[in-house]
Amino acid sequence: MSWIDRIREDIEAILQRDPAARTRWEVLTCYPGLHAVWIHRLAHALWQRNWRWLARFLSHLSRWLTGIEIHPGAKIGRRVFIDHGMGVVIGETAEVGDDCTIYQGATLGGTSLYRGAKRHPTLERGVVVGAGAKVLGGFTVGEGAKIGSNAVVVKPVPAGATAVGNPARIIMPNGRDERSCEQEEARRRKAEEIGFTAYGVTRDLDDPLVKALHAMLDHMIESDHRFERLLNHLAEAGIRLDEKAFVADRDFDPQQVSRWMG
(Lines give C-alpha, C1' and ligand atoms only; values in the text may rest on other atoms or scores of the structure.)
Protein backbone atom coordinates (compact mmCIF):
# COMPACT_ATOMS: atom_id res chain seq x y z
CA MET A 1 0.00 0.00 0.00
CA SER A 2 1.40 3.38 -1.03
CA TRP A 3 1.64 6.31 1.35
CA ILE A 4 -1.13 8.05 -0.60
CA ASP A 5 -3.44 5.09 0.03
CA ARG A 6 -2.52 5.15 3.72
CA ILE A 7 -3.41 8.84 3.94
CA ARG A 8 -6.76 8.22 2.27
CA GLU A 9 -7.42 5.28 4.58
CA ASP A 10 -6.69 7.36 7.68
CA ILE A 11 -8.99 10.15 6.54
CA GLU A 12 -11.84 7.78 5.70
CA ALA A 13 -11.49 6.09 9.10
CA ILE A 14 -11.98 9.43 10.84
CA LEU A 15 -14.97 10.32 8.66
CA GLN A 16 -16.59 7.02 9.62
CA ARG A 17 -15.95 7.33 13.35
CA ASP A 18 -16.37 11.04 14.07
CA PRO A 19 -19.80 12.55 13.37
CA ALA A 20 -18.26 16.03 13.72
CA ALA A 21 -16.05 15.43 10.68
CA ARG A 22 -17.75 17.00 7.65
CA THR A 23 -15.25 16.97 4.82
CA ARG A 24 -11.95 15.35 3.93
CA TRP A 25 -10.31 18.77 3.78
CA GLU A 26 -11.45 19.50 7.32
CA VAL A 27 -10.02 16.19 8.54
CA LEU A 28 -6.77 16.75 6.66
CA THR A 29 -6.19 20.23 8.11
CA CYS A 30 -7.90 20.30 11.51
CA TYR A 31 -7.33 16.93 13.23
CA PRO A 32 -4.21 16.88 15.45
CA GLY A 33 -4.65 13.16 16.13
CA LEU A 34 -4.20 12.49 12.43
CA HIS A 35 -1.14 14.72 12.24
CA ALA A 36 0.38 13.05 15.31
CA VAL A 37 -0.01 9.59 13.76
CA TRP A 38 1.56 10.72 10.49
CA ILE A 39 4.52 12.35 12.20
CA HIS A 40 4.92 9.25 14.37
CA ARG A 41 5.26 7.04 11.32
CA LEU A 42 8.25 9.06 10.20
CA ALA A 43 9.71 9.16 13.72
CA HIS A 44 9.20 5.39 14.11
CA ALA A 45 10.98 4.75 10.81
CA LEU A 46 13.94 6.82 12.04
CA TRP A 47 13.89 4.97 15.37
CA GLN A 48 14.07 1.59 13.63
CA ARG A 49 17.06 2.79 11.64
CA ASN A 50 18.82 3.79 14.89
CA TRP A 51 18.46 7.52 14.29
CA ARG A 52 17.32 7.69 17.88
CA TRP A 53 17.98 11.36 18.71
CA LEU A 54 16.37 12.60 15.51
CA ALA A 55 13.38 10.35 16.10
CA ARG A 56 12.96 11.68 19.65
CA PHE A 57 13.32 15.26 18.48
CA LEU A 58 10.68 14.75 15.80
CA SER A 59 8.41 13.21 18.42
CA HIS A 60 9.04 16.24 20.62
CA LEU A 61 8.05 18.58 17.81
CA SER A 62 4.90 16.55 17.25
CA ARG A 63 4.03 16.89 20.93
CA TRP A 64 4.51 20.65 20.72
CA LEU A 65 2.34 20.92 17.60
CA THR A 66 -0.46 18.50 18.51
CA GLY A 67 -0.44 18.04 22.29
CA ILE A 68 -0.04 14.30 21.73
CA GLU A 69 3.10 12.48 22.91
CA ILE A 70 3.91 9.24 21.11
CA HIS A 71 7.31 7.70 21.75
CA PRO A 72 8.97 6.87 18.42
CA GLY A 73 9.53 3.31 19.62
CA ALA A 74 5.78 2.66 19.96
CA LYS A 75 4.04 0.60 17.29
CA ILE A 76 0.88 2.14 15.83
CA GLY A 77 -1.38 0.16 13.51
CA ARG A 78 -3.57 1.22 10.62
CA ARG A 79 -6.65 3.45 10.90
CA VAL A 80 -5.85 4.43 14.48
CA PHE A 81 -7.94 7.44 15.49
CA ILE A 82 -6.78 9.74 18.29
CA ASP A 83 -9.85 11.92 18.87
CA HIS A 84 -9.20 15.47 20.15
CA GLY A 85 -5.95 14.07 21.47
CA MET A 86 -4.70 16.72 23.89
CA GLY A 87 -2.74 15.06 26.68
CA VAL A 88 -2.54 11.58 25.13
CA VAL A 89 0.68 9.77 26.07
CA ILE A 90 1.81 6.52 24.40
CA GLY A 91 4.96 4.91 25.81
CA GLU A 92 7.97 3.36 24.13
CA THR A 93 6.96 -0.31 24.17
CA ALA A 94 3.24 0.27 23.62
CA GLU A 95 1.55 -1.42 20.68
CA VAL A 96 -1.70 -0.07 19.26
CA GLY A 97 -3.54 -2.38 16.89
CA ASP A 98 -5.54 -1.56 13.79
CA ASP A 99 -8.80 0.40 14.13
CA CYS A 100 -8.20 1.47 17.74
CA THR A 101 -9.68 4.72 19.05
CA ILE A 102 -8.01 6.77 21.79
CA TYR A 103 -9.60 9.84 23.36
CA GLN A 104 -8.02 12.88 24.99
CA GLY A 105 -6.02 12.55 28.17
CA ALA A 106 -5.49 8.80 27.82
CA THR A 107 -2.17 7.26 28.87
CA LEU A 108 -0.60 4.00 27.73
CA GLY A 109 2.08 3.97 30.40
CA GLY A 110 4.64 1.68 31.97
CA THR A 111 5.19 0.55 35.54
CA SER A 112 8.63 -1.03 35.19
CA LEU A 113 12.04 0.64 35.28
CA TYR A 114 13.83 -2.14 33.35
CA ARG A 115 15.13 -1.00 29.99
CA GLY A 116 14.38 -3.29 27.11
CA ALA A 117 11.48 -4.93 28.90
CA LYS A 118 7.88 -4.81 27.71
CA ARG A 119 6.72 -1.98 29.99
CA HIS A 120 3.68 -0.61 28.16
CA PRO A 121 0.38 -2.17 27.13
CA THR A 122 -0.62 -3.81 23.88
CA LEU A 123 -4.00 -2.86 22.44
CA GLU A 124 -5.38 -5.41 20.04
CA ARG A 125 -7.61 -4.56 17.09
CA GLY A 126 -10.59 -2.28 17.67
CA VAL A 127 -9.90 -1.28 21.28
CA VAL A 128 -11.46 1.98 22.51
CA VAL A 129 -9.69 3.92 25.28
CA GLY A 130 -11.90 6.55 26.91
CA ALA A 131 -10.94 10.08 27.88
CA GLY A 132 -8.57 10.28 30.83
CA ALA A 133 -8.08 6.51 31.07
CA LYS A 134 -4.75 5.14 32.29
CA VAL A 135 -3.61 1.75 31.00
CA LEU A 136 -0.45 0.94 32.91
CA GLY A 137 1.75 -2.11 32.43
CA GLY A 138 3.02 -4.56 29.85
CA PHE A 139 -0.19 -6.58 29.45
CA THR A 140 -2.67 -7.01 26.62
CA VAL A 141 -6.07 -5.41 26.13
CA GLY A 142 -8.02 -7.86 23.99
CA GLU A 143 -9.64 -7.23 20.64
CA GLY A 144 -12.73 -5.05 20.75
CA ALA A 145 -12.35 -4.23 24.45
CA LYS A 146 -13.35 -0.85 25.86
CA ILE A 147 -11.62 1.17 28.59
CA GLY A 148 -14.04 3.53 30.31
CA SER A 149 -13.25 7.19 30.82
CA ASN A 150 -10.90 7.82 33.78
CA ALA A 151 -10.47 4.08 34.38
CA VAL A 152 -7.11 2.94 35.77
CA VAL A 153 -6.27 -0.44 34.26
CA VAL A 154 -3.37 -2.43 35.70
CA LYS A 155 -4.23 -5.96 34.52
CA PRO A 156 -5.17 -7.66 31.24
CA VAL A 157 -8.60 -7.01 29.75
CA PRO A 158 -10.22 -9.91 27.85
CA ALA A 159 -11.41 -9.45 24.29
CA GLY A 160 -14.77 -7.72 24.08
CA ALA A 161 -14.82 -6.81 27.77
CA THR A 162 -15.16 -3.36 29.33
CA ALA A 163 -12.95 -1.98 32.12
CA VAL A 164 -14.39 0.72 34.39
CA GLY A 165 -13.39 2.38 37.66
CA ASN A 166 -10.24 2.88 39.70
CA PRO A 167 -8.83 0.32 40.00
CA ALA A 168 -10.63 -0.96 36.93
CA ARG A 169 -13.21 -3.73 37.25
CA ILE A 170 -13.77 -6.02 34.29
CA ILE A 171 -17.25 -6.34 32.82
CA MET A 172 -17.60 -9.33 30.52
CA PRO A 173 -19.66 -9.09 27.32
CA ASN A 174 -23.16 -10.52 27.42
CA GLY A 175 -22.79 -10.73 31.17
CA ARG A 176 -26.38 -9.71 31.86
CA ASP A 177 -28.43 -12.63 33.08
CA GLU A 178 -31.82 -13.17 31.44
CA ARG A 179 -34.43 -13.31 34.22
CA SER A 180 -38.18 -13.66 34.20
CA CYS A 181 -40.48 -10.76 35.09
CA GLU A 182 -41.42 -12.59 38.28
CA GLN A 183 -37.80 -12.81 39.42
CA GLU A 184 -37.17 -9.14 38.68
CA GLU A 185 -40.30 -8.16 40.60
CA ALA A 186 -39.32 -10.36 43.54
CA ARG A 187 -35.87 -8.77 43.62
CA ARG A 188 -37.38 -5.29 43.57
CA ARG A 189 -39.77 -6.10 46.43
CA LYS A 190 -36.95 -7.57 48.54
CA ALA A 191 -34.80 -4.48 47.99
CA GLU A 192 -37.65 -2.26 49.10
CA GLU A 193 -38.34 -4.50 52.09
CA ILE A 194 -34.86 -4.16 53.55
CA GLY A 195 -34.45 -0.55 52.46
CA PHE A 196 -31.48 -1.24 50.23
CA THR A 197 -31.03 1.06 47.21
CA ALA A 198 -29.13 -1.10 44.74
CA TYR A 199 -31.59 -0.18 42.01
CA GLY A 200 -30.99 3.45 42.78
CA VAL A 201 -27.40 3.03 41.60
CA THR A 202 -28.29 1.86 38.12
CA ARG A 203 -31.19 0.30 36.29
CA ASP A 204 -29.08 -2.33 34.59
CA LEU A 205 -26.50 -4.92 35.58
CA ASP A 206 -23.45 -3.40 33.95
CA ASP A 207 -21.46 -2.64 37.10
CA PRO A 208 -19.94 -5.76 38.71
CA LEU A 209 -20.62 -4.43 42.22
CA VAL A 210 -24.28 -3.99 41.37
CA LYS A 211 -24.34 -7.48 39.88
CA ALA A 212 -22.94 -8.85 43.13
CA LEU A 213 -25.57 -7.00 45.16
CA HIS A 214 -28.31 -8.29 42.91
CA ALA A 215 -26.99 -11.81 43.36
CA MET A 216 -27.16 -11.31 47.14
CA LEU A 217 -30.77 -10.16 46.86
CA ASP A 218 -31.61 -13.23 44.77
CA HIS A 219 -30.01 -15.46 47.39
CA MET A 220 -31.92 -13.74 50.19
CA ILE A 221 -35.20 -14.21 48.32
CA GLU A 222 -34.52 -17.89 47.80
CA SER A 223 -33.48 -18.31 51.44
CA ASP A 224 -36.73 -16.66 52.59
CA HIS A 225 -38.73 -19.11 50.47
CA ARG A 226 -36.84 -22.07 51.89
CA PHE A 227 -37.32 -20.91 55.50
CA GLU A 228 -41.00 -20.39 54.85
CA ARG A 229 -41.39 -23.89 53.44
CA LEU A 230 -39.39 -25.34 56.34
CA LEU A 231 -41.56 -23.58 58.94
CA ASN A 232 -44.70 -24.79 57.20
CA HIS A 233 -43.49 -28.39 57.24
CA LEU A 234 -42.57 -28.12 60.90
CA ALA A 235 -45.96 -26.63 61.73
CA GLU A 236 -47.71 -29.46 59.88
CA ALA A 237 -45.68 -31.90 61.96
CA GLY A 238 -46.86 -30.21 65.14
CA ILE A 239 -43.55 -28.55 65.93
CA ARG A 240 -43.81 -24.94 67.04
CA LEU A 241 -40.75 -22.72 67.10
CA ASP A 242 -40.12 -19.53 69.01
CA GLU A 243 -40.71 -16.79 66.42
CA LYS A 244 -38.30 -14.48 68.28
CA ALA A 245 -35.47 -16.62 66.90
CA PHE A 246 -36.42 -15.45 63.42
CA VAL A 247 -36.58 -11.71 64.08
CA ALA A 248 -34.23 -9.78 61.80
CA ASP A 249 -31.07 -8.31 63.24
CA ARG A 250 -32.08 -4.86 64.43
CA ASP A 251 -28.46 -3.66 64.28
CA PHE A 252 -28.41 -4.05 60.49
CA ASP A 253 -28.64 -0.69 58.78
CA PRO A 254 -29.22 -1.07 55.01
CA GLN A 255 -28.93 2.69 54.53
CA GLN A 256 -25.41 2.53 55.93
CA VAL A 257 -24.58 -0.21 53.40
CA SER A 258 -25.89 2.06 50.65
CA ARG A 259 -23.61 4.86 51.85
CA TRP A 260 -20.62 2.50 51.87
CA MET A 261 -21.31 1.62 48.25
CA GLY A 262 -21.31 5.31 47.34
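## Ground rules and overall make-up

A residue counts as buried here when its relative accessible area is under 20%, and as exposed when that figure is over 50%. Keep in mind that this is a predicted model.

By that cut-off, 37% of the chain's 262 residues are buried. The secondary structure adds up to eight helices and 15 strands. As for how contacts spread along the sequence, take those with a separation of 6 or more: 34% of them join residues 24 or more positions apart.

## Glutamate 9, a buried acid

Let's start with a charged residue. Glutamate 9 sits in helix H1, and because its relative accessible area is 14%, under the 20% limit, it counts as buried.

What does glutamate 9 touch, once residues up to four places away in sequence are set aside? The list is Met1, Arg78 and Arg79. Arg78 is 69 residues along the chain from glutamate 9, yet the two C-alpha atoms are separated by just 8.2 Å.

## How H1 sits against H3

Helix H1 covers residues 3-17 and helix H3 covers residues 32-48; they pack at about 150 degrees, and their axes are 11 Å apart. Angles over 145 degrees count as roughly antiparallel, so that is the label for H1 against H3. The crossing of H1 past H3 is right-handed.

On the H1 side, the contact is made by Arg6, Ile7, Asp10, Ile11 and Ile14, and these meet Leu34, Trp38 and Arg41 from H3. Sorted by type, the contact has five nonpolar residues, three charged ones and no polar ones.

## Two nonpolar cores

The largest nonpolar core takes in 31 residues. Its best-connected members, going by contacts inside the core, are Ile90, Ile102, Leu123, Val129, Val141, Ile147 and Val153. There is also a second, separate core of seven residues, with Ile11, Ile14, Ala21 and Tyr31 among them. Ile11 and Ile14 turn up in the H1 contact with H3 as well.

Back in the largest core, which residues does leucine 123 touch beyond four places in sequence? Three of its partners, Ile102, Val129 and Val141, are on that best-connected list too. The others are Glu95, Val96, Gly97, Cys100 and Leu108.

## Loops to look at

Glycine 67 belongs to the loop between helix H4 (52-66) and strand S1 (69-70). Is glycine 67 buried or exposed? At 17% relative accessible area it is buried, because the limit is 20%. Leaving out neighbours within four places in sequence, glycine 67 is in contact with Ser62, Gly85, Met86, Gly87 and Val88. For Met86, the C-alpha to C-alpha distance from glycine 67 is 4.7 Å, with their positions 19 residues apart in sequence.

Two other loop residues have backbone angles worth checking. Histidine 84, in the loop between strand S3 (81-83) and strand S4 (89-90), has a positive phi of about 65 degrees although it is not a glycine. Asparagine 150, in the loop between strand S12 (146-147) and strand S13 (152-153), also has a positive phi of about 65 degrees without being a glycine. Histidine 84 counts as exposed because its relative accessibility is 55%, and asparagine 150 counts as exposed at 54%.

Finally, there's a cis peptide bond from asparagine 166 to proline 167, with omega near -5 degrees. Proline 167 is in the loop between strand S14 (162-164) and strand S15 (169-171).

How values were computed:
Residues are numbered from 1 along each chain as its sequence is written. This is a predicted model: local features need pLDDT of at least 70, side-chain atom pairs count only at pLDDT 80 or more; totals for chains, interfaces and linings use all residues. Side-chain values use heavy atoms; hydrogens and water are left out. A nonpolar core is a set of buried Ala, Val, Leu, Ile, Met, Phe, Trp, Tyr and Cys residues joined through side-chain atoms within 4.5 Å. Buried means under 20% relative accessible area, exposed over 50%, partly exposed in between (1.4 Å probe, protein chains only). Contact means heavy atoms within 4.5 Å. Axes are lines fitted to C-alpha atoms, for helices over the stretch in contact, and angles run from 0 to 180 degrees between N-to-C directions. Helices (H or I, at least four residues) and strands (E, at least two) are DSSP runs, numbered from the N terminus. Angles under 35 degrees count as roughly parallel, over 145 as roughly antiparallel, 65 to 115 as roughly perpendicular and the rest as oblique. A crossing is left-handed if the near helix is turned anticlockwise from the far one by less than a right angle, and right-handed if clockwise. Ala, Val, Leu, Ile, Met, Phe, Trp, Tyr, Cys and Pro count as nonpolar, Asp, Glu, Lys and Arg as charged, and the others, Gly among them, as polar.
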